[in-house]
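User: Could you take a close look at one part of this model for me? I would like a connected account of how two helices pack.

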Amino acid sequence: MSLKLDLPPTFTPVEVGAIEDDLAARWHTATRDGAAPAAHSSTLNLIVCVEDAAAAGEVSKVVDRLAATHPIRSLTIVSDELADDRRVAAWLGAGCAPAPAAQICSEEITLLVNPDALELNVSTVEGLLAGDLPAYFYWRGAAPTGDPLFAGLARLADKVIVDSVRFGDGPAALDTVRRLLNHRSYRFGVADLNWERTAPWREAVAACFDDPSVLALLPSLDRASVDFAGGSSPAQRPSARALLVAGWLASREARLRNRIRVRATALQELGSGRVVQVSLSSSQTMAQLALERRSSPTGIGATARDASGHTIRMWSFPASTLGEAELIHRCIDAPARDPLLEAALHHE
Amino acid sequence: MSATQAVNPFREGLRTQRATEPCQLIIFGASGDLTGRKLLPAIYNLAQAQLVPPSFNVVGFARQPMGDDGFRQRLKDGVAESGEVRVRDESVLESLAERCHYVAGDFKDPAAYATLKTELAQFDARYGTSGNCIFYLATPASLYSGIVEQLHAVGLTSPSGNGQSAGFTRIVVEKPFGHDLASAKALNAEMLRFVSEDQIYRIDHYLGKETVQNILVFRFSNGIFEPIWNRRYVDHVQITVAETLGIESRGAFYEETGIVRDIMQNHMLQLMSLVAMEPPQTFDARDFRDEKIRVIEAIKPLNAAPLSDVAVRGQYGPGAVAGEDAIGYREENGVAKDSITPTYAAFKCQIDNWRWAGVPFYVRSGKRLPKRISEIAVQFKEAPHLPFERSQVEAVEGNVLALRIQPDEGITLKFGAKVPGPSMRIRTVAMDFAYGATFGDEDASPYERLILDCMKGDQTLFDRADGVEAAWALVDPVLSAWEADKSVKFPNYAAGTWGPAAADELLARDGRRWRRL
């Protein structure tokens, strides 16, 4: 096989059939040498599917970060047409996170598969899942519509995690997520990393309305706008993130339905598609709640104005950019279906 | 505006489902050790986790002149030095510091309270805290009632906040709450003259510990344990709160307190009530605290039998702990050379109710013991019949379920397993669940959890007046008898040992022994 995966040096090649024995031996040795606690826990399986060999190393870093806080068994499936279609090649890494989380130990298995060998691939993954633990399936690729490998692996999963940014980032991307959500077979539903990226905006809006004097303005706020970074030449197509925020606002407050404008702003310094401003305002008075992205310090600034346009509150919400591992972490830590995402997509 | 809206529709379903209302947190004793070491780092952690409301500010109040800048520096120093700060974020720290203010004043000076009231009104207008105030009394307990009376005199104790109909006023007090039953009753009565019970938040930081709360989750979310959690299956329960430390620089304080007031009356009885309580109907403050207090009230009075049959006291002498020589208690600074203050206590408690009749709860706590460890061990009865030869089962012990509170938080179940080989040999093995090996996220400190609960108005994890008094009623006869009997021969255990021989005899009389920890 000519394919080479960019894996950390701690990974060693292993026969698929020897993986369980190899893991047992590794833990035995690590425990004897004091490199691992006498008992190691495991809380979930994480299946990650990537579409090319070059991404394997990148995914390994994400899994490593995740493994620092979750004792997991991860199965990274590298699907490449150049791979052998008669056998699955495997690499094994296992160990405990560096201090201070030194007691958290994880098992990382990387499999190189040929997408044409569907039955072989799915049965291999199924055989390697840690028993009686939930399985999360992170599809790290383009829209999986009609993809047999996606369908085969999703069948094994309790929850499917996608990133709709990889689906083209627009209304069509959300259509794909919506279709996935309609598959009711996933016990814990579908999570979208792009939806998790909107969490700071949702938290900030909610926090503003926790203030009774701002909540008192809400009955008069009957329209909203969501602005997103459109790059150097603002795209006509709204970003998925902006649509999700708009859908969420509409799902929470019926008065805003069909009265939310999503628009692009020419901003070169920010990644395209990011939400930069959210505003709720009154068509009758000057009452308004406006939130905008700030860069120094990074976060969201908010201002509430009363019916006369006088500022009644100003806030600053710190918000750091969440990396891929942190976003997956959020999806894993909320195992149940996400009714907010489902409602936001319904009203988007 | 056409109508008012009572519920924030944007909050539903978010991770932070119960938002804290806007408020001011006023810390009395702002120049003290507790404020710098625990409270300010906890408030910072809450701010960093975005758990404080956006409309929020902190006011330090103490006699020492400090000014806003001085108080803000205390915050920064506290965050820099605290081992409990998880993520240091300068922008969060600066933002919080800008909302920290300081008012200097004597706790006994009425004029200082008038000034405080004026300042609070200005901060309220500036930060939009809706008149909500939390007064955290990080002061000696002897000052509590005086402070509350002064707050009342200037109109700062209204249940509805700082003169606004939607607001609240809450008072947080630290243990020890009273020195004995009489003083606890007097203090409760004094405070309740000016504020109502639902405004008082009595902190026992033990209840803020994640692993203590996990006792409840363990008992009430797992169907397999509750059916055996009673006198039919449980032989006895042992609870240990052991410290390697001595009294550090707190000699004068400890002389007045001792192990019974410091640990047994509060932390120990909290743990015991969580292990023994009936399932509450809900986990709201009333149901939960009702059940906890019922356990303490059901404990047979310790003076119902000769005291020496159920209670043992000790005081450490010179010895060695953790590889270093340790001086005896009486040689510590601030301690009388003939002190009879106990640094160790062990009780045998009986809970007179249907579930626990006849099951002794052996509880012990001490200073300068060989290990720092807190655990609850439920010792189950032995199997009624062992179909093995005697030689095969000699090493078999009864099943033990140990809930470790600190350090190395977790749960261990001991059971018998066959030793591999041709003969039938049985050995007791431990199946271990370690919190740290399963949950990688770092715990919030107890103070974070409890300050947050206070902001939310949730009194579940705080002591109630009748609970405090029930606990004092239990230990009061022991304290009285021990303080009256000065003939005790102290020291009676060497630093670095597991306490006096009489503590071992307490169990040996019942054919039992303390677990080797």
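In which hand, left-handed or right-handed, does helix 8 of chain B pass helix 14 of chain B?

Analyst: Happy to help. This is a predicted model, in which local features need pLDDT of at least 70, side-chain atom pairs count only at pLDDT 80 or more, and totals for chains, interfaces and linings use all residues. Residues are numbered from 1 along each chain as its sequence is written, while chains are lettered from A and ligands numbered from 1 in the order in which they are written.

Helix 8 of chain B passes helix 14 of chain B in a right-handed crossing (left-handed if the near helix is turned anticlockwise from the far one by less than a right angle, right-handed if clockwise). Helices here are DSSP runs of H or I with at least four residues, numbered from the N terminus. Helix 8 of chain B covers residues 251-276 and helix 14 of chain B residues 465-484; their axes come within 10 Å and cross at roughly 145°. Those axes are lines fitted to C-alpha atoms over the stretch in contact, with angles from 0 to 180 degrees between N-to-C directions.

Now to the residues. From helix 8 of chain B come B:Val260, B:Met264, B:Gln265, B:Asn266 and B:Leu269. Helix 14 of chain B answers with B:Ala471, B:Trp472, B:Val475, B:Val478 and B:Leu479. Contact here is C-beta atoms, placed from the backbone, within 7 Å. By class, this contact has eight nonpolar, two polar and no charged residues (Ala, Val, Leu, Ile, Met, Phe, Trp, Tyr, Cys and Pro are nonpolar, Asp, Glu, Lys and Arg charged, and the others, Gly among them, polar).

For comparison, 32 residues of chain B are in contact with 41 residues of chain A. That side of chain B has 13 nonpolar, 15 polar and four charged residues.

Conventions: Two residues are in contact if their C-beta atoms, placed from the backbone, lie within 7 Å. Helices (H or I, at least four residues) and strands (E, at least two) are DSSP runs, numbered from the N terminus.
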